[in-house]
Amino acid sequence: MKDYKIPNIIDILLTLFASILCGMGCGFINFASLGMDAIGIFYDGIRNVLKLSPEQIGTASYVVCFILSIFLLIVARKYVSIGSVIYILMYGFFANVGTVMWEHLISGDNLIIRILVASLGFLVLYIGLGIFIAVDIGVDAFTGVMLWICDITKKDMKIVKPVCDIGLTIIGAVLGGTLGAFTFISIILGGICLSAITKQFQKFYIKNIVIKRYNKGQNPEQTLKSDDED
């Protein structure tokens, strides 16, 4: 894995914002009940097993991420950082907030509104993930585990992630997580959307933050990782 850069206040604030967006996006998708992404389904399945209400999917994410973080601290400490902690804390809380918010705003069960909320949820989620990836001061717990699997199996992430996503989807669905049309839509379009959003924000981040920071005399090695280092 590449070395983490040294974060400053702008990096931390952007990571906070990105993590909030990810949590809110998850909450929107959870409210719509039309299918979640692989990790969301797993969280929802754990929520069901723990007998928590649908509004407490963020609480279930705390439980899962805490266990995974402890595991990573034991087997791969390098994958736990300040960005990881920020993501866990903000994601769980705002996933609950995002679900409850729509329950207060929307009355009844209108399919068109649910489709719109789910679409907005995935957009917000992917924007959050794109910013989080671009700022790059840590990884979430599941990504950390996937990177650890890459290390021990010597396999590339493009092989490990789809296998993990399929496994999480199956386990989450068996445990009672919400599997639906948007699950398959996210599988087909999620990677494309996330890649496009990440690239656009990376351009903005490098042009407006990294270069200005470099011009002020900060060591560029502290703000950017080497592209040729694994």
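Angles under 35 degrees between helix axes count as roughly parallel, over 145 as roughly antiparallel, 65 to 115 as roughly perpendicular and the rest as oblique. The structure above is a predicted model, in which local features need pLDDT of at least 70 and side-chain atom pairs count only at pLDDT 80 or more, while totals for chains, interfaces and linings use all residues. Residues are numbered from 1 along each chain as its sequence is written, and side-chain values use heavy atoms, with hydrogens and water left out.

**Exercise 1. Work out how α3 and α4 are oriented to each other, and which residues meet.**

Step 1. Start with the elements: helices (H or I, at least four residues) are DSSP runs, numbered from the N terminus.

Step 2. Next comes the geometry. Axes are lines fitted to C-alpha atoms, for helices over the stretch in contact, and angles run from 0 to 180 degrees between N-to-C directions. For α3 and α4 the angle is about 165 degrees, and the axes are 7 Å apart.

Step 3. Apply the classes: α3 and α4 are therefore roughly antiparallel to each other.

Step 4. Add the handedness, which is left-handed if the near helix is turned anticlockwise from the far one by less than a right angle, and right-handed if clockwise. α3 and α4 cross in the right-handed sense.

Step 5. List the partners, with contact meaning heavy atoms within 4.5 Å. On the α3 side are I57, G58, T59, S61, Y62, C65 and S69, and they meet I88, L89, Y91, G92, F93, A95, N96 and T99 of α4.

Step 6. Sort them by type: Ala, Val, Leu, Ile, Met, Phe, Trp, Tyr, Cys and Pro count as nonpolar, Asp, Glu, Lys and Arg as charged, and the others, Gly among them, as polar. The contact of α3 with α4 has eight nonpolar residues, seven polar and no charged.

**Exercise 2. Treat α6 and α7 in the manner of the pair above, then compare with α1 and α4.**

Step 1. Helix α7 covers residues 157-174; its axis and that of α6 come within 10 Å and cross at roughly 125 degrees. That makes α6 oblique to α7.

Step 2. The crossing of α6 over α7 is right-handed. From α6 the contact takes F142, T143, M146, L147, I149, C150 and T153, and from α7 it takes M157, V160, K161, C164, D165 and L168. By type, these are nine nonpolar, two polar and two charged residues.

Step 3. α1 and α4 pack at about 35 degrees with axes 6 Å apart, again with a right-handed crossing. Their contact divides into 18 nonpolar, eight polar and one charged residue.

**Exercise 3. Find which helix gives the most to the largest nonpolar core.**

Step 1. A nonpolar core is a set of buried Ala, Val, Leu, Ile, Met, Phe, Trp, Tyr and Cys residues joined through side-chain atoms within 4.5 Å. Buried means under 20% relative accessible area, exposed over 50%, partly exposed in between (1.4 Å probe, protein chains only).

Step 2. The largest such core holds 56 residues, and those with the most contacts inside it are Y43, V64, L125, V135, F142, F201 and Y205. At least two core residues come from each of α1 (9-32), α2 (38-49), α3 (57-75), α4 (82-105), α5 (111-135), α6 (141-153) and α8 (181-215).

Step 3. The answer is α5, with 11 residues.

Step 4. Look around Y43: beyond neighbours within four places in sequence, Y43 touches I57, A60, S61, V64, C65, Y91 and F142. With those neighbours likewise set aside, I39 is in contact with F142 and L168. I39 belongs to helix α2.

**Exercise 4. For D136, K154 and T183, decide: buried or exposed, or partly exposed?**

Step 1. D136 sits in the loop between α5 and α6 and is partly exposed at 21% relative accessible area.

Step 2. K154, in the loop between α6 and α7, is exposed at 72%.

Step 3. T183, in helix α8, counts as buried at 1%. Apart from neighbours within four places in sequence, T183 contacts L34, G35, M36, I41, T169 and T178.

Step 4. Now check the backbone. Most residues other than glycine have a negative phi. D136, not a glycine, has a positive phi of about 60 degrees, and K154 also has a positive phi, near 65 degrees.
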